[in-house]
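Q: Please take a close look at one part of this structure: the way its strands are paired. Then follow the chain outward from there and describe what lies around that part.

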Amino acid sequence: MPYSAPTVYRLLPTADAEILATELLHRDPAVTGHDAVCVVVAHGFSGSIGRPALRAVTEELRRHVGVLSMDLRGHGRSTGTCTFGDREVLDVDAAVGEARRMGYQKVVTMGWSMGGAAVLRHAGLAISGEVTHGHRLRHRPDAVVSVSAASRWFVRDTAPMRRIHWFAETAPGRVAARVGLGVRIATDPWPAVPASPVEVIGRIAPTPVLIVHGDRDAYFTVEHPRALAAAAGDTGQLWLVPGFGHAEAGVVPGLVDRIGAHLPDLLAGRPEWAQCARRMARETGPAPTR
């Protein structure tokens with residue numbers, strides 16, 4: 001019978017004592033040694049490792065790399081409350097550290113929507129050495145992939161984001177989020193406004209960053225990825241993908257495979273190989289703009 005790489009479930013503590021439910025998918029076929037790469041996946045608001053959209057992403061990624069995904073705080077089987085990308089940096093830090101402990105030589109963080117804000121903020125804060133909520137982030141990624149992320153906070157210019165703010169800012173909204181979406185939100189998730197992704201992304205260099213966004217994103221307009229790419233500087237790569245909607249649920253065929261195939265070049269700081277870009281573009285849109 002053909003070998004099938006196992007799926008491993010673990011509970012993972014964070015620096016501030018939350019407990020995260022995680023799932024490890026080893027690459028199939030498995031790769032060890034210096035070529036072993038793990039992608040830490042942070043889902044979007046209301047996501048979970050058990051949801052079909054995220055499951056499809058992780059199963060596609062495991063063709064290229066090992067995948068460590070988690071329920072961010074306030075979601076799924078993890079403890080705590082959702083803070084919309086603020087304290088989630090501690091979740092990302094714990095997962096990167098766990099991947100290192102398991103022997104992965106290279107670790108890439110990949111975040112979708114809210115998770116995208118979390119991985120950008122984590123990398124910037126970890127590399128700059130800034131303390132957040134009383135803890136220093138100790139585990140730097142080797143590369144960062146942000147998909148469908150906002151550049152700034154308090155975006156209310158689209159209907160879906162006005163709904164997200166209703167969830168966060170009103171008591172009926174928090175009840176609806178808990179009952180309808182399974183997301184637990186604190187009464188005051190931000191006692192102080194944290195630094196936004198566009199404010200910290202410039203600190204990530206020289207670590208490479210890939211910013212992926214769809215032209216049909218109903219949550220965040222294309223001004224957001226363009227602002228992030230401009231702030232990232234020379235180590236940032238921007239893909240604007242025609243037909244792509246928002247985050248895990250809006251993925252177009254071939255996009256996750258395209259990202260997975262690009263990871264070795266991203267880790268080396270190289271843009272997408274032109275021939276590969278042209279081939280993939282026939283499935284997911286034109287070659288990256290950077």
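A: G214 has V241 as its bridge partner in strand β10. This is a predicted model, in which local features need pLDDT of at least 70 and side-chain atom pairs count only at pLDDT 80 or more, while totals for chains, interfaces and linings use all residues. Residues are numbered from 1 along each chain as its sequence is written, and side-chain values use heavy atoms, with hydrogens and water left out. Strands (E, at least two residues) and helices (H or I, at least four) are DSSP runs, numbered from the N terminus.

The bridge at G214 belongs to a wider pairing: β9 (residues 209-214) and β10 (residues 236-241) run parallel and share six bridges. Two strands pair if DSSP finds at least two bridges between them. Between these strands the chain passes through helix α7 (residues 223-232), and the resulting β-α-β crossover is right-handed. Right-handed here means that, with the strands pointing away from the viewer, the path from the first strand over the helix to the second runs clockwise. Strand β10 is mostly covered, with five of its six residues buried. Buried means under 20% relative accessible area, exposed means over 50%, and partly exposed is in between (1.4 Å probe, protein chains only).

Strand β9 also pairs with β8, in parallel, through four bridges. Within that pairing, V145 has L210 of β9 as its bridge partner. Strand β8 pairs with β5 (residues 106-112) too, again in the parallel sense, over five bridges. There, M110 stands opposite V145 of β8. Five of the five residues of β8 are buried, so this strand is largely enclosed by the rest of the structure. A143, V145 and V147 point one way from β8, V144 and S146 point the other way, and all of them are buried.

Next comes the loop between β8 and α4, where S148 is found. S148 is not a glycine, but its phi is positive, near 60 degrees. S148 counts as buried, at 0% relative accessibility. A positive phi also occurs at S46, again not a glycine, with a value of about 75 degrees. S46 lies in the loop between β3 (37-42) and α1 (52-61) and is buried, with a relative accessible area of 19%. Another backbone feature is the cis peptide bond from A205 to P206, with omega near 10 degrees; P206 is in the loop between α6 and β9. Most residues other than glycine have a negative phi, and most peptide bonds are trans.

Helix α4 contains H165, a residue that is buried at 9% relative accessible area. Apart from its neighbours within four places in sequence, H165 is in contact with F154, V155 and R156. Contact means heavy atoms within 4.5 Å. Helix α4 is also what the buried residues of α5 pack against. In α5, G173, R174 and A177 are buried. Seen down the helix axis, the buried residues of α5 fall within an arc of 100 degrees, so they line one face; the arc is that of the directions from the helix axis to the C-beta atoms. P172, V179 and G180 are exposed on the other side of α5.

The aromatic rings remain. Six aromatic pairs are found in a search of the whole structure. Rings of Phe, Tyr and Trp (its six-membered ring) pair if their centres lie within 6.5 Å; planes under 30 degrees apart count as stacked, over 60 as edge-to-face and the rest as tilted. F154 and W190 form an edge-to-face pair, 5.7 Å centre to centre with 85 degrees between the planes. This pair links distant parts of the chain, 36 residues apart: F154 is in the loop between β8 (143-147) and α4 (159-169), and W190 is in the loop between α5 (171-181) and α6 (197-200). F154 is partly exposed at 46% relative accessibility, whereas W190 is buried at 16%. Y219 and F220 form a tilted pair, 6.5 Å centre to centre with 55 degrees between the planes. Y219 is partly exposed, with a relative accessible area of 22%, and F220 is buried at 6%. Ring pairs also join F45, F84, W166 and F167 into a cluster.

One more ring has a charge for company: the charged end of R258 sits over the ring of W239, 4.3 Å from its centre. A charge sits over a ring if NZ of Lys or CZ of Arg is within 6 Å of the ring centre and within 35 degrees of the ring normal.
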